[in-house]
Amino acid sequence: MDSMLGSWKMVAGSVEGFDEFCDAMKIPEPMRQKMREGQDYSVTLTRDGDTYTSVREVNGKTETFVFKLNEWFTVTTDGREVKSLFKVDGGKLLGDHETNGQKTSSARYVQGDKLLTETTGNGKTMKASFQRV
């Protein structure tokens, strides 16, 4: 988990499976367009004791959420309430998420000099990579 601490910026063109994931999750086109515009995406993860803070910046908009491992928490993002739980397993930060009655899972892990992310919902996975800054 400590290897994920720090600041990361999404690698341009690294997103895979976006349309298939959006189709499976029935994400409406206006939301998809907003997500496509989010290619200028960076995230900073810090830790203070057993509390983690994630600050993400997408196209100049900043969102911050604070969490502890193995504890559910709720945030509002893009007008949607998202309930999440993070845990660490095998060096990966694994998340379970619920929003608008839909469930997704996520995995974040460091491989070489990249932070890799995978988000899965309704059997389809979207992947992206981030470079440390």
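Leaving aside neighbours within four places in sequence, Ser-14 touches Lys-127, Ala-128 and Ser-129 in this structure, which is a predicted model. Ser-14 sits in the loop that runs between β1 and α1 (18–25), and its side chain comes to 2.8 Å from the backbone oxygen of Val-11. Because buried here means under 20% relative accessible area, Ser-14 counts as buried with its value of 12%.

A second polar residue to follow is Arg-32, which belongs to helix α2 (residues 29–37). Arg-32 is also classed as buried, at 10% relative accessibility. Its contacts, again without neighbours within four places in sequence, are Phe-18, Asp-19, Cys-22, Asp-23 and Ile-27. Arg-32 and Asp-19 stand 13 residues apart in sequence, while their C-alpha atoms are 8.5 Å apart in space.

The table sets out the polar partners of the two side chains.

| Side chain | Partner | Distance |
|---|---|---|
| Ser-14 | backbone oxygen of Val-11 | 2.8 Å |
| Arg-32 | side chain of Asp-23 | 2.8 Å |

Turning to the nonpolar residues, the largest nonpolar core has 15 residues, and the members that touch the most others are Met-1, Met-4, Leu-45, Phe-67 and Phe-130. Two or more residues of this core come from each of the strands β1 (6–10), β2 (41–48) and β10 (124–132), with β2 giving the most, namely three residues. Met-1, leaving aside its neighbours within four places in sequence, is in contact with Leu-45, Tyr-52, Val-88 and Leu-93. There is also a second, separate core of six residues, among them Phe-21, Cys-22, Ile-27 and Met-126; of these, Cys-22 and Ile-27 are also contacts of Arg-32.

Conventions
Residues numbered from 1 in each chain as written. Predicted model: local features only at pLDDT ≥ 70, side-chain atom pairs only at ≥ 80, totals over all residues. Heavy atoms only, no water. Core = buried A, V, L, I, M, F, W, Y, C linked by side-chain atoms within 4.5 Å. Buried < 20%, exposed > 50% of the residue type's maximum accessible area, 1.4 Å probe, protein only. Helix = DSSP H or I, 4+ residues; strand = E, 2+ residues; numbered from the N terminus. Contact = heavy atoms within 4.5 Å. Polar contact = N/O pair within 3.5 Å; in protein donor to acceptor, adjacent residues only side chain to side chain.
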